[in-house]
Amino acid sequence: EQSIDGRAWDVLNVLRFEALRNGHATRLDFAVRVRRNARQSEDVYLKSLVHPGDDGEGVITIMLPNED
């Protein structure tokens with residue numbers, strides 16, 4: 001099993017690599033391999049959106065592909 005910190009590290013690093021590959025895209029679709037147990041793992045598909053926050057600051061939102 002994986003800790004929350006470890007899983008967050010994986011998600012953010014995969015997102016970072018995708019962002020480096022895709023330049024200035026405001027939406028990125030990516031997958032993170034997640035271990036369910038010692039024998040099973042699966043890809044979890046996510047998307048990220050870059051947008052301005054309430055005060056105009058840059059915000060990155062990570063969510064499931066079917067979420068808005």
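Start by selecting helix H1 in this predicted model: H1 lies across S1, S2 and S3, and its direction makes an angle of about 145° with S1. To pick H1 out, select residues 4-22.

**The sheet under the helix selection**

Next, hide H1 and show the strands. You should see an open sheet of three strands, ordered S1-S2-S3, with antiparallel pairing. Which strands sit at the edges? Those are S1 and S3, each pairing on one side only. For S1, select 27-35; for S3, select 58-63. Turn the view a little and look for the twist, which averages 30° from one strand to the next.

Now zoom in on S2, residues 41-52, alongside S3: six bridges link this antiparallel pair. If you'd like one rung of that ladder to look at, click leucine 49, whose bridge partner in S3 is threonine 61.

**The nonpolar core**

Bring H1 back and show side chains for Val11, Leu15, Leu28, Phe30, Val32, Val34 and Leu46. These seven residues form the largest nonpolar core. H1 and S1 each supply at least two of them, and S1 gives the most, with four residues. As a rule, nonpolar side chains in soluble globular proteins tend to be buried together.

**One last stop: leucine 28**

Stay with the core and center on leucine 28. What does leucine 28 touch, leaving out residues up to four places away in sequence? Its contacts are Leu15, Glu18, Ala19, Asn22, Leu46, Lys47 and Ser48. Two of those names, Leu15 and Leu46, also belong to the core you just colored.

Technical notes:
Residues are numbered from 1 along each chain as its sequence is written. This is a predicted model: local features need pLDDT of at least 70, side-chain atom pairs count only at pLDDT 80 or more; totals for chains, interfaces and linings use all residues. Side-chain values use heavy atoms; hydrogens and water are left out. A nonpolar core is a set of buried Ala, Val, Leu, Ile, Met, Phe, Trp, Tyr and Cys residues joined through side-chain atoms within 4.5 Å. Buried means under 20% relative accessible area, exposed over 50%, partly exposed in between (1.4 Å probe, protein chains only). Helices (H or I, at least four residues) and strands (E, at least two) are DSSP runs, numbered from the N terminus. Contact means heavy atoms within 4.5 Å. Two strands pair if DSSP finds at least two bridges between them. Axes are lines fitted to C-alpha atoms, for helices over the stretch in contact, and angles run from 0 to 180 degrees between N-to-C directions.
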